[in-house]
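Subject: Handing over the structure

Hi,

Here is the structure I promised to pass on. Have a look at it first, and then read on for what turned up.

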Amino acid sequence: VAYWVAEAATITASKPKVQEQELKLAKLTGLFVTTSEQLADSTMLESFARPAFISEFAFKVDDAMVRGTGAGIPQGILNADCLISVTKETGQQAATVLYENIKKMYIRMRPASRARAEWNINSEVWLQLWSLEQVIGTGGVPVFLPPGGASASPYGTLLGRPVVDIEHASALGTGGDIILADWNEYLLIQKGTIDEATSIHVYFDTDQQVFRWILRTNGRPLRTSALTPYKGTLTTSPFIDLQT
């Protein structure tokens with residue numbers, strides 16, 4: 001805590017309160033079994049399997065960061081105590097996203113995180129974003145259009161933050177279909193890189209060869225709860241989603 005003091009006045013001391021957190025490495029594995037004939041007859045098989053498993057590992061880690069339970073796998077932001085779920089509008093039709101939802105999600109984002117935050121959406125949410133409008137009187141005006149209009153790439157910004165669709169976002173109409181996240185507030189630990197090994201002995205009697213990949217990693221949001229603002233009553237967080 002910092003204090004204003006007069007000249008030559010005694011400076012007030014304060015001690016920080018530190019919360020200890022323990023994060024143990026979890027184990028992500030992959031095993032690929034092939035016959036000697038396949039390896040001999042398909043020259044590209046081994047070179048195909050390696051990048052395929054690396055891609056799958058990345059997919060599994062990303063998915064866990066979004067919705068992991070924290071039990072033997074990373075804790076996802078959708079299961080974190082710091083997540084804020086913005087309440088839907090009264091009478092809001094199912095499987096919709098309204099401009100009011102967007103505005104209320106934005107103001108719940110921690111101010112220090114807004115410059116780094118991004119919208120992560122399910123692909124089905126695009127139709128909702130393209131239909132967003134600000135109601136004025138009996139009509140409305142569009143509030144989200146891709147840069148360059150409909151002829152350009154659909155990616156753009158919403159309230160100044162980039163919109164990125166991800167496979168791990170929930171289906172339209174369920175919590176997690178649209179997320180506002182500051183991923184710099186997520187702690188991901190990893191020991192080394194993916195460990196690769198191969199063996200002809202596991203299935204020696206059937207003339208098969210085994211390829212094995214192991215990654216030791218884990219993660220969780222840095223915050224253990226939503227934050228109470230210095231002024232005001234609405235709590236804020238680095239991770240916001242929309243109520244089902």
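Which residue stands opposite Glu118 in β8? In this predicted model, the residue opposite Glu118 is Ala181. That pair is a handy way in, so I'll start there and then move outwards.

**Around Ala181**

Ala181 sits in strand β8. Strand β8 covers residues 178-181 and pairs with strand β3, residues 118-121, in the antiparallel sense, over 4 bridges. Strand β8 is also joined to strand β11 (residues 239-242), again antiparallel, this time by 3 bridges. In β11, Ala181 has Phe239 as its bridge partner.

Is Ala181 buried or exposed? Its relative accessible area is 0%, so Ala181 counts as buried. Setting aside residues up to four places away in sequence, Ala181 touches Ile77, Met109, Arg116, Ala117, Glu118, Asn120, Pro238 and Phe239. If you want a distance to check on screen, try Arg223: Ala181 and Arg223 are 42 residues apart in sequence, and their C-alpha atoms are 13 Å apart in space.

**The sheet of six strands**

Strands β3, β8 and β11 belong to an open sheet of 6 strands with mixed pairing, in the order β2-β11-β8-β3-β7-β6. At the edges stand β2 (84-86) and β6, each with a single partner strand, so one side of each has no neighbour in the sheet. For a parallel pair, look at β3 and β7 (residues 161-165), which are joined by 3 bridges. There, Trp119 stands opposite Val163 in β7.

Helix α3 (residues 99-108) is worth viewing alongside this sheet. Its buried residues are Tyr99, Asn101, Ile102, Met105 and Arg108. These pack against β2, β3, β4 (133-136), β6, β8 and β11.

**The sheet of three strands**

There is also an open sheet of 3 strands, in the order β1-β10-β9, with antiparallel pairing. Its edge strands are β1 (26-35) and β9 (186-203), each of which pairs on one side only. Ignoring direction, neighbouring strands here are turned by 15° against each other on average. How many bridges join β9 to β10? There are 12, and the two strands run antiparallel, with β10 covering residues 208-221. One pair to pick out is Gln190 and its bridge partner in β10, Thr217.

Helix α2 (residues 45-67) packs on this sheet, touching β1, β9 and β10, and its direction makes about 155° with that of β1. Does the helix come out longer, shorter or as expected? At 1.5 Å a residue, the 23 residues of α2 should span 33 Å, and the end C-alpha atoms are 32 Å apart, which agrees. The buried residues of α2 are Leu45, Ala49, Phe53, Phe57, Val61, Ala64, Met65 and Val66. An α-helix has 3.6 residues a turn, so residues three or four places apart point the same way. What covers the buried residues of α2 includes β1, α1 (36-41), β8, β9 and β10.

**A loop residue**

For something outside the strands, go to Val143, in the loop between β5 (139-142) and β6 (157-158). Val143 is partly exposed, because its relative accessible area is 28%, and the partly exposed range runs between 20% and 50%. Beyond its neighbours within four places in sequence, Val143 is in contact with Tyr99, Leu132, Glu133 and Gln134. Tyr99 is one of the buried residues of α3. Leu129 lies 14 residues from Val143 along the chain, and their C-alpha atoms are separated by 8.5 Å.

**The whole chain**

Zooming out, the protein chain has 4 helices and 11 strands. Its C-alpha trace spans about 80 × 60 × 30 Å along the principal axes. The radius of gyration is 24 Å, whereas a compact globule of 244 residues would have one near 18 Å. Buried residues make up 34% of the 244 residues. The accessible surface comes to about 15000 Å², and 55% of that belongs to carbon and sulfur atoms. Of the contacts between residues at least 6 apart in sequence, 73% join residues at least 24 apart.

Over to you, and happy browsing!

Methods: Residues are numbered from 1 along each chain as its sequence is written. This is a predicted model: local features need pLDDT of at least 70, side-chain atom pairs count only at pLDDT 80 or more; totals for chains, interfaces and linings use all residues. Side-chain values use heavy atoms; hydrogens and water are left out. Two strands pair if DSSP finds at least two bridges between them. Axes are lines fitted to C-alpha atoms, for helices over the stretch in contact, and angles run from 0 to 180 degrees between N-to-C directions. Contact means heavy atoms within 4.5 Å. Buried means under 20% relative accessible area, exposed over 50%, partly exposed in between (1.4 Å probe, protein chains only). The radius of gyration is taken over C-alpha atoms; the globule rule is 2.2 Å times the number of residues to the power 0.38. Accessible areas come from the Shrake-Rupley method with a 1.4 Å probe; for residues, only the protein chains shown count as cover. The expected span of a helix is 1.5 Å times one less than its number of residues.
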